[in-house]
Amino acid sequence: MTYVIRSVRADEWPAVRELRLAALRDPIAHLAFLETYEAAEARPDSYWRERTARAAEGADGAQQVIAEGPDGRWVASVTVLVEEPGTTDWAGLPVEREQGHLVGVYVRPEDRGSGLTEVLFDAALEWSWGRGLERVRLFVHEENGRAQRFYRRAGFVPSGVTVPLGESGKRELEFVLGRD
Ligand SMILES: CC(C)(COP(=O)(O)OP(=O)(O)OC[C@H]1O[C@@H](n2cnc3c(N)ncnc32)[C@H](O)[C@@H]1OP(=O)(O)O)[C@@H](O)C(=O)NCCC(=O)NCCS
């Protein structure tokens, strides 16, 4: 199947919402994402409009890259958030340098293991390096073996930074990739 890999456009917020809600219904969503389906589903349209505009083609602070099938259906997504030094990240840790943070990594089940995820990542990384970022990071749950394996294949390595997840005793692991 031939997919178009591209950045989202600001007016495409309904498709952004649909794919995000599909991701949050995945059987491993509790490991993969920090948000619940119920919380996302309850958000107003204004939230999706703003979120999409902030990460759309031409935006500087974030970029959402998707894979679109020949029928126009979106099958995969990854978003690069640009983090600035002096700010605090989602875990409350200080950000020490400008860097990319990959979030919302999702490929529909029927398109996994096909090589599509690599192409999607290539586009997100190309945007990151073109934006002048020297380092890109992401967090992955310690029990999300499939995602970890993919990230290693894509060149990411664990940095040793871990973030405890509430009372569960489980952790999110930071993986990083430097620009060549
Ligand atoms: C994570 C994700 C984007 C990876 O994309 P993918 O197309 O599935 O990745 P691939 O199949 O190319 O690579 C996964 C690797 O893990 C292996 N694998 C498959 N199931 C596995 C499992 N249960 N445990 C460990 N490894 C597994 C695959 O064989 C493959 O190994 P290889 O590198 O030796 O070929 C996709 O699986 C996904 O959307 N998962 C649900 C959402 C998610 O977890 N997002 C990440 C949040 S951090």
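Student: Which residue follows α5, and is its phi positive or negative?
Tutor: Helices are DSSP runs of H or I, at least four residues, and strands runs of E, at least two, numbered from the N terminus. This is a predicted model: local features need pLDDT of at least 70, side-chain atom pairs count only at pLDDT 80 or more, and totals for chains, interfaces and linings use all residues. Residues are numbered from 1 along each chain as its sequence is written. After α5 comes Gly-132, with a phi near 95°, which is positive.

Student: What distance does α5 reach from its first C-alpha to its last?
Tutor: α5 covers residues 116-130, 15 residues. The expected span is 1.5 Å times one less than the number of residues. That gives an expected 21 Å, and α5 comes close to it, at 21 Å.

Student: Why are the buried residues of α5 on the same side?
Tutor: Buried means 20 or more other C-beta atoms within 10 Å of the residue's own; exposed means 12 or fewer; C-beta atoms are placed from the backbone. The buried residues are Thr-117, Leu-120, Phe-121, Ala-124, Leu-125 and Ser-128. They share a side because they cover an arc, taken from the directions from the helix axis to the C-beta atoms, of only 130°.

Student: Which residues are exposed on the other side of α5?
Tutor: The buried set includes Leu-120 and Phe-121. On the other side, the exposed residues are Glu-118, Glu-126 and Gly-130.

Student: Which element gives the largest share of the shell around the ligand?
Tutor: The shell has 17 residues, each with its C-beta atom, placed from the backbone, within 6 Å of the ligand. β4 and α6 are the elements that give two or more. The largest share, six residues, comes from α6.
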